[in-house]
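I opened this entry to look up enclosed space and nonpolar packing in one model.

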Amino acid sequence: MGAGAGERIRVLLVDDQALFRAGIRMLVGSQPDLEFVGEAANGEEGVQVALETSPDVVLMDIRMPVMDGIAATSEIVGRAVRDGRRPPRIVVLTTFDLDEAAARAIRGGASGFVLKDAEPEFLLAAIRTVHAGNAVIAAGATRELFQYFSAGEPAKEQPQEFGNLTSREREIFVLAARGLSNSEIASTEYLSEATVKTHISRILSKLGLRDRVQMVVYAFEHGLTAAE
């Protein structure tokens, strides 16, 4: 699944505000590389529409009636995994820079979050970014995300699978977990961006992680942001 050359990125919106849905529908529909494939007013409807439309990216509100965005995110991702399908990338929409609900949605499989009042260009960039396999976090919220996942719990023992990373992969893991982009890592490590991308893919595979947001969560939960 996913848009290849000449294919448009399929976008589903799940939000309980009709006026907001109308605006996003128009915004997404105006882009030549995006296709608005459906909308839902609550999480339960969102799960069903996701099954019917097979979107590449889901824009998911957090607070909705019937089923909230956290439960819907987990259900959509879980069903895809159980069925042997690649889950859609899910971007959580929130009115706060970071709250427990947004963080829980990331744990449940979301690829990041953006503020509902973000500039249209930022939301469009977020759709394209997560579709490309990267994570997106509301501007200025990276530090708060780190603090949330590193606070309140003692660091766990180093996971066994982390020991399977090479020394180079560990170096790149730490830089990526701190929020550096591929180009910034390439500059720091004197590597090409293509090589960094390959390393990131191998790291995610070895650790069983979906994307870079999951890598950030994993790193801070296990106290690996200063790993050697």
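I looked up the largest cavity and found about 100 Å³ of space in it, a cavity being a set of points on a 1 Å grid over the protein atoms alone where a 1.4 Å probe fits but cannot get out. Of the 13 residues that line this largest cavity, I noted A50, L51, I76, R85 and P88 as the closest to its centre, where lining residues have an atom within 4 Å of a point. The model is predicted, and local features need pLDDT of at least 70, side-chain atom pairs count only at pLDDT 80 or more, and totals for chains, interfaces and linings use all residues. Residues are numbered from 1 along each chain as its sequence is written, and side-chain values use heavy atoms, with hydrogens and water left out.

I then recorded that α3 provides the largest share of the cavity lining, four residues, and that the lining consists of eight nonpolar, one polar and four charged residues.

Next I turned to the largest nonpolar core, a set of buried Ala, Val, Leu, Ile, Met, Phe, Trp, Tyr and Cys residues joined through side-chain atoms within 4.5 Å, buried meaning under 20% relative accessible area with a 1.4 Å probe, protein chains only. Of its 23 residues, L12, V14, M60 and I90 touch the most other members, while α3 gives the most to this core, with four residues. A second, separate core of 22 residues includes F173, V174, I203 and L224.

Finally I checked helix α7 (residues 167-177) and found eight of its eleven residues buried, F173 and V174 among them.

How values were computed: Buried < 20%, exposed > 50% of the residue type's maximum accessible area, 1.4 Å probe, protein only. Helix = DSSP H or I, 4+ residues; strand = E, 2+ residues; numbered from the N terminus. 1 Å grid on protein atoms, 1.4 Å probe; cavity = no way out; pocket = protein on both sides within 12 Å on 5 of 7 lines; lining within 4 Å. Points joined across faces, edges and corners; volume = space filled by probe spheres on them. Nonpolar A, V, L, I, M, F, W, Y, C, P; charged D, E, K, R; others polar.
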